[in-house]
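Biologist: I should be grateful for a close look at a single part of this structure. Please describe how its strands and helices are arranged against one another.

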Amino acid sequence: MKPSKHKAVLNDTICAISTPFGNGAIAIIRLSGPETFAICNTIFVQNKETIDFNNTLSHTLHYGKLFMEDQVLLDEVVIGIFRNPHSYTGEDIAEISCHGSIYIQEQLMQLLIRKGARAAKPGEFTLRAFLNGKMDLAQAEAVADLIASESSSAHKLAISQVKGGFSKDIRQLRTELLEFSSLLELELDFSEEEVEFANREKLTALLTRIRIKIDYLLASYSFGNVLKRGIPVTIIGKPNVGKSTLLNILLNEDKAIVSEIPGTTRDTIEDKIIINGICFRFIDTAGLRETTDKIETMGVERTYEKINEASIILYMFDLTESNVNDIKNSLQEIKKLSGNEEVKIILIANKIDLLVETPKSFKELSNFDTVYISAKRKENIHLITEKLIKTVKETNMQFDGNIVTNARHYDVLTKSLQEIDETLNGMKQQQSNDLLAINIRSALHYLGEITGDITTEDILDQIFGKFCIGK
């Protein structure tokens, strides 16, 4: 059952500017609600005649003139008509394409409000789509991800969820669990007869299978989240090994100051770049060394923080001054600092231009991913980007199904998994049916929160309040 507060808003008509604020060639103002066509009838003239949008076909465009109340021409516009239920919100919708003057946009919005519409709240169009059954809650959240996507990989994830692939998986799990829950509830009604409707072996098998699926989805979250926001790649190493030079080359701009003076980089420097459709967030850090300089010490501390956040670490060293044992010791220290055994570390051996050949001792690094480069001459930089792409693809192969990218979904799935585990443990301990039923009901509740089959006003306010006004 949908919350009453949100169902009440379906009785009025809302309007909003759906294009980014500012001057442009065109702007789109969107109307949705029962009075949409009636409002448009009072302000629009086509070929010197008024038009009754209540009798026009859906999914049609109409060119004409738009007038203020005193019959002063505001603009020549195109109005797109979308009749319920075949529209984004499931209601009557009109999309007015006008010239992108800020003045025209503001005057048109004020005119629509005077005619009976009200300004939409953030995400209210998508909220109405959810309330009218045009999409479930997970799909609605994916709309926001689709708008915010900056790379083809993030776009692909969002499109998959908008199409309902993730929701389908969750609903299937919930349907199967609901079936057994009903049988358990039935047993409670016949508790005195000691009748068993729910086969315990089949229930255990089902719960185990659901547990594996949820565990997989939870494991995919770390990868899906960084893929959506940009994979954090931290560049670390001692001072003057070429970290800032490498960052500038990767970003193709002078983002970081390059100097022969040790300790030039005293803070982290970040920027994003799209490589083969994947967004990487490169982070240049202060050189790792002991220092008495207070500011540089703070920079080194931030380097440790960025190591902890990184999905991929580029450990850069000077090939002319390093030895293999020091590098191995550094790698062990980096893994301790990262706190993540799965973190990918790629060794970047810099300054090959200063050597005739690679020292034989460095053959011991063949067990590690190592790239030999000259940052100064920009040699072999492409090998680094190839390694990055390969790392992401190898990780992606572990998750060939739906991937969790939403923090709310992760939290709810975690709670659902806890209830599944409680149920499995309860069955091993031969707990009573009423206790098992409580845990299964809770698991069903949490799974229902993902798709919106079960929700609250607070959840909806939190989700749709993050949307832009016109969506």
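Modeller: The account below begins with the open sheet and then turns to a hairpin and a helix pair. The model is a predicted one, and the description should be read in that light.

Strands of a sheet pair through backbone hydrogen bonds, either parallel or antiparallel. In the open sheet, 6 strands follow the order S10-S11-S9-S12-S13-S14, and their pairing is mixed. Its edges are formed by strand S10 (269-275) and strand S14 (370-372), each of which pairs on one side only. On average, and with direction ignored, neighbouring strands of this sheet are turned by 25° against each other. At the S10 edge, S10 pairs with strand S11 (residues 278-284) in the antiparallel sense, over 7 bridges. Within that pairing, Glu 270 has Ile 283 of S11 as its bridge partner. A helix also meets this part of the sheet: helix H8 (residues 200-229) lies across strand S9 (231-237), S10 and S11, and runs at about 85° to S9.

Another set of pairings involves strand S1. Strand S1 (residues 14-17) is joined by 4 bridges to strand S2 (residues 24-32), and the two run antiparallel. One of the pairs places Ile 17 opposite Ile 29, its bridge partner in S2. The hairpin of S1 and S2 has 6 residues between the strands, and in this hairpin Gly 22 takes a positive phi near 125°. S1 is also joined by 2 bridges to strand S8 (residues 118-119), and here the strands run parallel. In S8, Ala 119 is the bridge partner of Cys 15.

The helix pair completes the picture. Two packed helices are described by the angle between their axes and the distance between the axes. For helix H13 (residues 407-428) and helix H14 (residues 433-451), the axes come within 8 Å and cross at roughly 160°. Angles over 145 degrees count as roughly antiparallel, and H13 is therefore roughly antiparallel to H14. The crossing of these two helices is left-handed. On the H13 side, the residues making the contact include Arg 408, Val 412, Leu 413, Glu 419, Ile 420 and Met 427. On the H14 side, among them are Leu 436, Ile 440, Ala 443, Tyr 446, Leu 447 and Ile 450. Taken together, the residues of the contact of H13 with H14 divide into 10 nonpolar, 6 polar and 5 charged.

Technical notes:
Residues are numbered from 1 along each chain as its sequence is written. This is a predicted model: local features need pLDDT of at least 70, side-chain atom pairs count only at pLDDT 80 or more; totals for chains, interfaces and linings use all residues. Side-chain values use heavy atoms; hydrogens and water are left out. Axes are lines fitted to C-alpha atoms, for helices over the stretch in contact, and angles run from 0 to 180 degrees between N-to-C directions. Angles under 35 degrees count as roughly parallel, over 145 as roughly antiparallel, 65 to 115 as roughly perpendicular and the rest as oblique. A crossing is left-handed if the near helix is turned anticlockwise from the far one by less than a right angle, and right-handed if clockwise. Contact means heavy atoms within 4.5 Å. Ala, Val, Leu, Ile, Met, Phe, Trp, Tyr, Cys and Pro count as nonpolar, Asp, Glu, Lys and Arg as charged, and the others, Gly among them, as polar. Two strands pair if DSSP finds at least two bridges between them.
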